[in-house]
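Visitor: I am new to this structure and would like to know what stands behind the terms used for it. Please take me through them.

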Amino acid sequence: MAVHHLLRRGISGGSPLHPLRGLFLVSQELGRRPASSAAAGGATAELKSAREDVKQLLKDKSCHPILVRLGWHDSGTYDKNISEWPKCGGANGSLRFEIELKHAANAGLVNALKLIQTIKDKYAGVTYADLFQLASATAIEEAGGPKIPMIYGRVDVSAPEQCPPEGRLPAAGPPSPAEHLREVFYRMGLNDKEIVALSGAHTLGRSRPERSGWGKPETKYTKNGPGAPGGQSWTSQWLKFDNSYFKDVKERRDEDLLVLPTDAVLFEDPAFKIYAEKYAEDQDTFFEDYAEAHAKLSNLGSKFDPPKGVSLD
């Protein structure tokens, strides 16, 4: 996960969810093979090459927001109260299966899978779980954000029966936004600082009312794209990662910028406000805390082979 909605609802371009039967057959067949790890068969080199391909994809398609969302929604199903893998959910590649892509919170993410499937096909030693998180972290970095201290070697689940139940991701407009955010993210093992820091990823992307029921059909910032035009962004430069989200939510001076209930509460809840105010004033602190929180989120529920994972840098 933003958390809340980057994690939750329709950010970025693309068409509505549809079967893409051939794509799902490919991903399910690959998923049923013995899971390959980032430590096996030169997969570390493959991961580095895959990262370069993701960078080129970002340049070609301006798809940073939806790739961030893809990684967050795979990991954001984690439940710290369940010890058994993969029942605990988390970053295990389950989001490639049609049953999970059809969860309401994942509307539009089939388009992200389409975008990276060619990269997955090219690198057999890279798991879906790793590729989802690699794409998410790389999108943040390529948008001008901080370097994320990532590790790889995640093992994929092997069948759609291992997908988590629907309902573990945050909602956009719950009756009690602060309580809802804490309920969802505390379940993942995250704290107030991490909730606020991760919310700052809403500096990227747009909300589309046809998917989430939130936001305008288009604004002066989104009517011409890049990518599929339309939607409402949280910031004016919605492909640039910086701390403008916090400034814009605090000031609320531009009616063309989106402020959801779970955005506004960051400056209303006393504990959240401490961090939101700090991040609005100090981008370096935001970047430092965001990088740490993103890395933590990317590891939730992951089973690594080797057990401590591997670094690409």
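Guide: This is a predicted model. A place to begin is helix α10 (residues 244-251) and helix α12 (residues 270-281), whose axes come within 7 Å and cross at roughly 115°. The crossing is left-handed.

Visitor: What makes α10 and α12 count as being in contact, and which residues meet?

Guide: Contact means heavy atoms within 4.5 Å. On the α10 side Phe246, Lys247 and Lys250 take part, and they meet Ala276, Glu277, Tyr279, Ala280 and Glu281 of α12. By class, this contact has 4 nonpolar, no polar and 4 charged residues.

Visitor: How do you know where the prediction is confident and where it is not?

Guide: By pLDDT, the predictor's confidence in each residue, which runs from 0 to 100. The mean for the protein is 89, and 87% of its residues reach 70 or more. Over residues 4-21, however, the pLDDT is below 50, although this stretch has 94 contacts in the model beyond near neighbours in sequence. Residues 29-41 also stay under 50, with 29 contacts beyond four places in sequence. Where pLDDT is low, the predicted coordinates should not be read in detail.

Visitor: Why is a space in the model called a cavity?

Guide: Because a 1.4 Å probe fits there but cannot get out. The largest cavity holds about 80 Å³ of space. Its lining has 11 residues, and His103, Ala105, Gly167, Arg168 and Leu169 lie nearest the centre. That lining divides into 4 nonpolar, 4 polar and 3 charged residues.

Visitor: What lines the second largest cavity?

Guide: The second largest cavity, with a volume of about 30 Å³, is lined by Lys193, Glu194, Asp289, Glu292 and Ala293. Two elements, α8 (192-199) and α13 (283-299), each give two or more residues to this lining, and α13 gives the most, with 3.

Visitor: What makes the lining of the second largest cavity 4 charged and 1 nonpolar?

Guide: Asp, Glu, Lys and Arg count as charged, and Ala as nonpolar. Lys193, Glu194, Asp289 and Glu292 are therefore the charged residues, and Ala293 is the nonpolar one.

Visitor: Which peptide bonds are described as cis, and what is omega there?

Guide: The bond joining Trp85 and Pro86 is cis, with omega about 5°; Pro86 is in the loop between α3 (64-75) and α4 (98-101). The bond from Asp305 to Pro306 is also cis, with omega near 5°, and Pro306 is in the segment after α13.

Definitions and conventions. Residues numbered from 1 in each chain as written. Predicted model: local features only at pLDDT ≥ 70, side-chain atom pairs only at ≥ 80, totals over all residues. Heavy atoms only, no water. Axes fitted to C-alpha atoms, helices over the stretch in contact; angles between N-to-C directions. Helix = DSSP H or I, 4+ residues; strand = E, 2+ residues; numbered from the N terminus. Left-handed = near helix turned anticlockwise from the far one by under 90°. 1 Å grid on protein atoms, 1.4 Å probe; cavity = no way out; pocket = protein on both sides within 12 Å on 5 of 7 lines; lining within 4 Å. Points joined across faces, edges and corners; volume = space filled by probe spheres on them.
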